[in-house]
Amino acid sequence: MGLQAVFFYLFAFVAVASAFMVISARNPVHSVLFLILVFFNAAGLFLLTGAEFLAMILLVVYIGAVAVLFLFVVMMLDIDFAELRSGVLQYAPVGILIGLIVAAELIVVIGGSVLTPQAARAITMPIPNPAVRTNTAVLGDVLYTHYVYFFQIAGLVLLVAMIGAIVLTLRHRQNIKRQDISRQVARSPETAVEVVKVKSGQGI
Amino acid sequence: MEDTFFSIYAWPALVMIAQSLLVLVCLLVFIAYILYADRKVWAAVQLRRGPNVVGPWGLFQSFADLLKFVFKEPIIPSGANKGVFLLAPLVSVTLALATWAVIPFNETWVIANINVGILYVFAISSLEVYGIIMAGWASNSKYPFLGALRSAAQMVSYEVSIGFVIVTVLLCVGSLNLSDMVFAQREGLGTMMGLPNSFLDWHWLPLFPMFIIFFISGLAETNRPPFDLPEAESELVAGYMVEYSSAPYMMLMLGEYAAILLICSLTTILFLGGWLPPVDIWILNWVPGIVWFIIKVVLIFFGYSMVKAFVPRYRYDQLMRLGWKVFLPISLIMVIITAFVLKLMGWA
């Protein structure tokens, strides 16, 4: 029971409490803010286990980017929470079922490693000594050296998904004015101005 | 006496608290004078005098402002979301100051010398957008909300190019530790040409395009002019700060300036050799490293205030174009080029 345990219980308690607040807060923006607090505490838990790279990536990617977009959407939408709440009992059985399945899976995974500790040693990529190689470097080894093809394929899938999303939502509107900076800069008096000699007493 | 609670936990904790307080106090005083310098530079460019009344040459202006802010009445709009409204300045100032824990001011002068220092800085500064979004939303008013939306989109966009710039530096250094980044700049392009250790070894020379991109993205990331659209007074009055007054407003300002100084010192560490002297001769080595560090930070900040003084504000779509269509491709290509060069020359 050292300082580590104290911090573990602190992070864990705040994470669970704010996870509860995510689903019970009345205001959807407050829910998202509590969700951010959950991510933050999860990053703290990662730090405690010595996975500093994962902790920082969690902060950068989930809080710094994903949750910002989330907050954006929630702020823009005018969500009536009372209306959403009315269907709670209707969806409760499905939610409870999914929760039970996830809990069962977690118990199987954790129970497996508790019952047969030797299984942890049988994995293909054993965890090296953190004093010798930092876990950032180890993650790099796994992702970019041993499983580089899988990593590339995953990137390709994401690229295809991104292009798909752009193609589906891109709407090229006609008849609107667009700024073309290169054309503006390349304009010269000859192309822009027409000098007309107007005879007095006559129009153009 | 060994292994008592005192020697394991209490003493290191006390030392850490003392170090943090020291850095905090120095930082706050430094920010006060940076603010003053910013106003003076801006005034000088416009042929004005700037603050010159409080104290000799107006040197105590920032402290007078501080007192004014503290003793004014904080006004909370009745339609505002009170909790979030007051939390927003706290979040922005806490995050902006928290980053300083990993900044190495001198060879051993760093509070927390962690392995993933640069990621920590990047992570915390990507959280700073929350202070702004929360402030804008909680004010429950049009201009603050528009300002917050602009700011969020702007900061998220420019973080991408900042991230890639940092990646190129990381490729050259091979470590995420901020002190290692400075150590890596002891030798470089200059020593390869047979010159003694000098400012030619620092990363700004081999990674010059990245240095420029980092400087400009830093302006956008901290909402400095010419990218201060979140608080563009001609369009949005004061953006996300419109509804704030007295101490909460001061905290938002403080957070903003702490973030600006942070970007300046990050530029110093990544590209200008941190605490290293410009030329390796004894008289310059004799000057403490912290002095070099501060000189470089102030030089970068001078650049920032000069840009503020003479560059007109960008239009929002041009800002987005610059971030996504210019900086992102250039920095991506530079990452690839740097990786290839390092691999082919056998430097990595």
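Where is B:P226 found in chain B? I begin there, and I should say at once that what we are looking at is a predicted model. B:P226 sits in the loop between α9 and α10 of chain B, where α10 covers residues 233-236, and the peptide bond that leads into it from B:P225 is cis, with omega near 5 degrees. As background, most peptide bonds are trans, and most residues other than glycine have a negative phi. The second half of that remark brings me to chain A, where A:N175 has a positive phi of about 60 degrees although it is not a glycine. A:N175 belongs to the loop between α8 (148-169) and α9 (181-186) of chain A.

Let me return to the loop between α9 and α10 of chain B, since B:R224 also lies there. The side chain of B:R224 meets that of B:D38 in a salt bridge, with 3.0 Å from N to O. Because B:D38 lies in helix α1 of chain B, residues 5-45, while B:R224 is in the loop, the pair ties together parts that are 186 residues apart in sequence. A search of the whole structure finds 5 salt bridges over all chains.

How many salt bridges are there between chain A and chain B? The count there is 0. As for the extent of that interface, 26 residues of chain A are in contact with 27 residues of chain B, and the area buried between the two chains is about 2200 Å², of which carbon and sulfur atoms give 80%.

Now to the helix packing within chain B, beginning with α9, which spans residues 208-221, and α6, which spans residues 142-173. Their axes come within 9 Å and cross at roughly 155 degrees; since angles over 145 degrees count as roughly antiparallel, that makes α6(B) roughly antiparallel to α9(B). The crossing of α6(B) past α9(B) is left-handed. On the α6(B) side the contact includes B:Y158, B:I162, B:V165 and B:I166, and on the α9(B) side the residues include B:M210, B:I213 and B:F214. By class, the residues of this contact divide into 9 nonpolar, 5 polar and 2 charged.

The next pair involves helix α11 of chain B, residues 246-271, which packs against helix α2 of chain B, residues 61-71, at an angle of about 135 degrees and with the axes 6 Å apart. The two helices are therefore oblique to each other. Here B:L66, B:F69 and B:V70 in α2(B) meet B:S246, B:A247, B:Y249 and B:M250 in α11(B), and by class this contact has 6 nonpolar residues, 1 polar residue and no charged ones.

Helix α11(B) also packs with helix α13 of chain B, residues 289-310, where the axes come within 9 Å and cross at roughly 120 degrees. That angle makes α11(B) oblique to α13(B), and the crossing of these two helices is right-handed. From α11(B) the contact draws on residues including B:Y257, B:I260, B:L261 and B:C264, and from α13(B) on residues including B:F293, B:K296, B:I300 and B:K308. The residues of this contact divide into 11 nonpolar, 3 polar and 2 charged.

To close where I started, anyone turning to the loop between α9 and α10 of chain B can look there for B:P226, for the cis peptide bond from B:P225 to B:P226, and for B:R224, which pairs with B:D38 of α1.

Definitions and conventions. Residues numbered from 1 in each chain as written. Chains lettered and ligands numbered in written order. Predicted model: local features only at pLDDT ≥ 70, side-chain atom pairs only at ≥ 80, totals over all residues. Heavy atoms only, no water. Axes fitted to C-alpha atoms, helices over the stretch in contact; angles between N-to-C directions. Helix = DSSP H or I, 4+ residues; strand = E, 2+ residues; numbered from the N terminus. Parallel < 35°, antiparallel > 145°, perpendicular 65-115°, else oblique. Left-handed = near helix turned anticlockwise from the far one by under 90°. Contact = heavy atoms within 4.5 Å. Nonpolar A, V, L, I, M, F, W, Y, C, P; charged D, E, K, R; others polar. Buried area = accessible area lost by both parts, 1.4 Å probe. Salt bridge = Lys/Arg side-chain N within 4 Å of Asp/Glu carboxyl O.
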